[in-house]
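User: Please take a close look at one part of this model for me. I would like the helix pairing near the end of the chain, with the rest as context.

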Amino acid sequence: MEKNCKDTKRYDKIIAVRFTAKEQKCIRTNAKKEGMTMSAYIRGIVLHDRKRIENPATIQTIMGVAVQAKEILNYITEKYGEDEILEKKVKKLWKNLL
């Protein structure tokens, strides 16, 4: 997949996608929390646009989860020794967040 799919041109192409009423409500709610339209929210998720998350509360929550994951890894390392697989997964998590 292309890494930089963002285009500055006008959005004039339509892709029809079907959702259940519950899914649509969830998308609408999440988009609203981020201060985005549903189209922008879906576009951001599909194209992996990390800048789509602008709500400070959302960022704080995500970073809190990452910190907890690192703390859990530290505990496991202290109690049972190094675990290369877990370490790689936590590093990947941090890389995706930053």
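Analyst: What follows starts with the whole chain, moves to the pairing of helices α3 and α4, and ends with the pocket and a surface patch.

This is a predicted model. The protein chain has 98 residues, and 8% of them are buried. Its secondary structure comes to 4 helices and 0 strands. Along the sequence, the pattern reads α-α-α-α.

Now the part you asked about. How many salt bridges does the structure hold? There are 2. Side chains of opposite charge can pair when their charged atoms come close.

Take the pair between helices. Glu87 and Lys70 form a salt bridge through their side chains, at 3.5 Å from N to O. This pair links distant parts of the chain. Glu87 sits in helix α4, which covers residues 84–97. Lys70 sits in helix α3, which covers residues 56–80. The two residues are 17 apart in sequence. Is Lys70 buried or exposed? Lys70 has a relative accessible area of 27%, so it counts as partly exposed. The cut-offs behind that label are under 20% for buried and over 50% for exposed.

The other pair stays inside one helix. Glu84 forms a salt bridge with Lys88, and the closest N and O atoms are 3.5 Å apart. Why are these two separated by about one helical turn? Because they are 4 residues apart in helix α4. Glu84 counts as exposed, at 59% relative accessibility. Lys88 is exposed too, with a relative accessible area of 54%.

Two C-alpha distances add to the picture of α3 and α4. Begin with Asn74, which is found in helix α3. Asn74 and Glu87 are 13 residues apart in sequence, and their C-alpha atoms are 9.3 Å apart in space. Glu87 is also the salt-bridge partner of Lys70. Asn74 has a relative accessible area of 34%, so it is partly exposed.

Next comes Val67, also in helix α3. Val67 and Trp94 are 27 residues apart in sequence, yet 9.1 Å apart in space, C-alpha to C-alpha. Trp94 falls within the 84–97 range of helix α4. Val67 is partly exposed, with a relative accessible area of 38%.

Turn now to the earlier part of the chain. Rolling a probe the size of a water molecule over the atoms shows where empty space is left. The largest pocket holds about 680 Å³ of space. Its lining has 18 residues, and the closest to its centre are Lys13, Ile15, Ser39, Ile42 and Arg43. Helices α1 (21–33) and α2 (38–46) each supply at least two residues of that lining. Helix α2 gives the most, with 5 residues. By type, the lining divides into 10 nonpolar, 2 polar and 6 charged residues.

Ile15 appears again on the surface. Together with Val17 and Phe19, Ile15 forms a nonpolar patch with about 340 Å² of accessible area. Val17 lies in the segment before α1. Val17 has a relative accessible area of 54%, so it counts as exposed.

To recap the part you asked about: Glu87 and Lys70 join helix α4 to helix α3, while Glu84 and Lys88 pair within helix α4.

Methods
Residues are numbered from 1 along each chain as its sequence is written. This is a predicted model: local features need pLDDT of at least 70, side-chain atom pairs count only at pLDDT 80 or more; totals for chains, interfaces and linings use all residues. Side-chain values use heavy atoms; hydrogens and water are left out. On a 1 Å grid over the protein atoms alone, a cavity is a set of points where a 1.4 Å probe fits but cannot get out, and a pocket is an open set with protein on both sides within 12 Å along at least five of seven lines; lining residues have an atom within 4 Å of a point. Grid points are joined across faces, edges and corners, and a volume is the space filled by probe spheres set on the points. Ala, Val, Leu, Ile, Met, Phe, Trp, Tyr, Cys and Pro count as nonpolar, Asp, Glu, Lys and Arg as charged, and the others, Gly among them, as polar. Patches are made of residues with over 30% relative accessible area and no salt bridge: like charges are joined within 9 Å, nonpolar side chains (Val, Leu, Ile, Met, Phe, Trp, Tyr) within 5 Å. Accessible areas come from the Shrake-Rupley method with a 1.4 Å probe; for residues, only the protein chains shown count as cover. A salt bridge is a side-chain nitrogen of Lys or Arg within 4 Å of a carboxyl oxygen of Asp or Glu. Buried means under 20% relative accessible area, exposed over 50%, partly exposed in between (1.4 Å probe, protein chains only).
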